[in-house]
2 protein chains.
Amino acid sequence: MKRILLTIAYDGTRYSGWQKQLSPEVMTVEGELEKALRVLFRSPELTCVGASRTDRGVHALGQRATIDVETTIPVEKIPLAILPLLPQDIIVVKAEEVPSTFHPRYDCVKKTYEYRIWNGRIKNPKERLYSTFVYCPLDVEKMDLAAKKFIGTYDFAAFCAAGSAVSSTVRTIFDCYVKKEGNLINIYVTGDGFLYNMVRIMAGTLMAVGQGKISPNEILQIILSMDRRNAGQTAEPQGLTLQEIYYNFQGKSVDSLD
Amino acid sequence: MKRILLTIAYDGTRYSGWQKQLSPEVMTVEGELEKALRVLFRSPELTCVGASRTDRGVHALGQRATIDVETTIPVEKIPLAILPLLPQDIIVVKAEEVPSTFHPRYDCVKKTYEYRIWNGRIKNPKERLYSTFVYCPLDVEKMDLAAKKFIGTYDFAAFCAAGSAVSSTVRTIFDCYVKKEGNLINIYVTGDGFLYNMVRIMAGTLMAVGQGKISPNEILQIILSMDRRNAGQTAEPQGLTLQEIYYNFQGKSVDSLD
């Protein structure tokens, strides 16, 4: 029996998120992936363990999941072998054998998300599925200043969707910055973990900074208030992409796409 | 009666091209736009005259079309007024009044197309609808050298799909270059007009150059041969976007998106 770590990229537009649902009519990325894996490995009981539960409409370039299989298919051939069994919007980018004790969620040391904004006078139909549209010109310098205030270890309760039950709302943000390329504004954030909707609330707050509604100097106050009402709105899901998940295994971290 | 010039952006994925078809079941961009315009202007007979017949699956950021209407809606308000009447993948970017003698096709002085290639080891699901995927690493410097050989006035019969009946296959290419940004390779080409499938055949030829199958110095020979068989394959439609159409009217050319 081998434990195999898969790196998965998907366009989340058509899916009700990553996680498989009890109702088989609800289409999820994990559900479609599992179906394909069961066919490939002729194993009707196979299940996968995902690293991150991305929401409805959220995309991924570097999602991870493990499977335990008995197979003669060489591990590195799995991405190509599974390609014809998957829908066009889900791709297995990489497969590698990991120790049987490896866990895609518990062994994760950090994750990077990208949040994409189309900031222009006019919507761009080619960007509508992968960004949020903001008409009012955003001050990117201020947004970047504000982004850097998130770096550190804090109780991020103010950036957690109401109703989520986690034992601790303390998280560490290693890096957070904002970059502009033409009409696209990208927010990048790397942390040891994220609360429910945390990146989307951070993105909504940074958009409010860009519009002058919140000053960069207020970010720390908002964090320390631990009150969700002080942060910005939850930004739309389609702007969010899980870029990469990092593990400290075999002494290297693996690039998802190059 | 006013003649109004519309600038239109669309994601061509769902459409059988720009041009309205006789069969009402065939969904086209022009067909959907006309339906919305007829509702907005309460004019069941309204038709629009498009500048460029983009193919099935091809996108546009700067398509143009004119309509003749009797209306009290201020012209500059048309983009916002028509927004709720259009599907999400079609946007009227701009509306401006033009002289009654203006024709969107005959008065066009040049057009710019972009052809987008995702060149990487792995497909990117977020790019699949807006680029063509090439696995083998492309030599962008060679492609750019070859692109510049297209600049000039030539008989481009070798770059015209078979079966197209045009009176002349002579066209002028003003500019053609190739740019790489990460895994994306973009071909930009500006000309006074293009033959049927011309940009896609040019893109396919430049991809063959990038793979070392054709040398940049062979481009001129291929053009002069006037034989379609000497050029590269017709590249897939989803990589192509009509970026901009230029007119010399009122002394200015209008940007489609900013």
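Let me start with the salt bridge between A:Lys126 and B:Glu114, whose side chains meet with N and O 3.7 Å apart, and let me say at once that this is a predicted model, with every value I quote computed from its atoms. A:Lys126 sits in the loop between S5 and strand S6 (132-134) of chain A, while B:Glu114 belongs to strand S5 of chain B, so the pair joins two chains. Are these two residues buried or exposed? A:Lys126 has a relative accessible area of 7% and is therefore buried, and B:Glu114, with a relative accessible area of 6%, is buried as well.

That pair belongs to a wider contact, to which chain B contributes 27 residues and chain A contributes 27 residues. The area buried between chain B and chain A comes to about 2,500 Å², and carbon and sulfur atoms give 56% of that area. Across this interface of chain B and chain A the rule finds four salt bridges, and the count of residue pairs in polar contact between the two chains, both residues being at pLDDT 80 or more, is four. Which strands of chain B each supply at least two residues of the side that touches chain A? They are strand S1 (2-10), strand S3 (59-69), strand S4 (90-98) and strand S5 (108-119) of chain B. By residue class, the side of chain B that touches chain A divides into 10 nonpolar, seven polar and 10 charged residues.

Turning to salt bridges in general, side chains of opposite charge can pair when their charged atoms come close. Over all chains, the structure holds 24 salt bridges. One of them is formed by A:Asp68 and A:Arg3, with the closest N and O atoms 2.8 Å apart, and this pair links distant parts of the chain, since A:Asp68 lies in strand S3 (residues 59-69) of chain A and A:Arg3 in strand S1 (residues 2-10) of chain A, 65 residues apart. A:Asp68 is partly exposed, its relative accessible area being 34%. Another salt bridge is the one between A:Arg229 and A:Asp227, at 2.9 Å between the closest N and O atoms; here A:Arg229 counts as exposed at 73% relative accessibility, whereas A:Asp227 is partly exposed at 22%. In addition, A:Lys20, A:Glu34 and A:Arg38 are joined into one network by salt bridges that share partners.

Now to the aromatic rings, of which the structure holds 15 pairs over all chains. For A:Phe102 and A:Tyr247 the ring centres are 4.9 Å apart and the planes stand at 70°, which is over 60 degrees, so the pair is edge-to-face. This pair also links distant parts of the chain, with A:Phe102 in the loop between strand S4 (90-98) and strand S5 (108-119) of chain A and A:Tyr247 in strand S10 (residues 240-247) of chain A, 145 residues apart; both A:Phe102 and A:Tyr247 are buried. In chain B, by contrast, the rings of B:Tyr10 and B:Trp18 have centres 6.0 Å apart and planes at 25°, so that pair is stacked. B:Tyr10 is buried at 0% relative accessibility, and B:Trp18 is buried at 2%.

I will finish with B:Glu32, which is placed in helix H1 (residues 29-40) of chain B and is buried, with a relative accessible area of 16%. Its side chain makes a polar contact of 3.1 Å with the side chain of B:Lys35. Leaving aside neighbours within four places in sequence, B:Glu32 is in contact with B:Tyr15, B:Met27, B:Leu86, B:Pro87 and B:Ile90.

Key:
Residues are numbered from 1 along each chain as its sequence is written. Chains are lettered from A and ligands numbered from 1 in the order in which they are written. Side-chain values use heavy atoms; hydrogens and water are left out. Contact means heavy atoms within 4.5 Å. Buried area is the accessible area (1.4 Å probe) that two parts lose on being put together, summed over both. A polar contact is a pair of N or O atoms within 3.5 Å; within protein, one must be able to donate a hydrogen and the other to accept it, and residues adjacent in sequence count only if both atoms are side-chain atoms. Helices (H or I, at least four residues) and strands (E, at least two) are DSSP runs, numbered from the N terminus. Ala, Val, Leu, Ile, Met, Phe, Trp, Tyr, Cys and Pro count as nonpolar, Asp, Glu, Lys and Arg as charged, and the others, Gly among them, as polar. Rings of Phe, Tyr and Trp (its six-membered ring) pair if their centres lie within 6.5 Å; planes under 30 degrees apart count as stacked, over 60 as edge-to-face and the rest as tilted. Buried means under 20% relative accessible area, exposed over 50%, partly exposed in between (1.4 Å probe, protein chains only).
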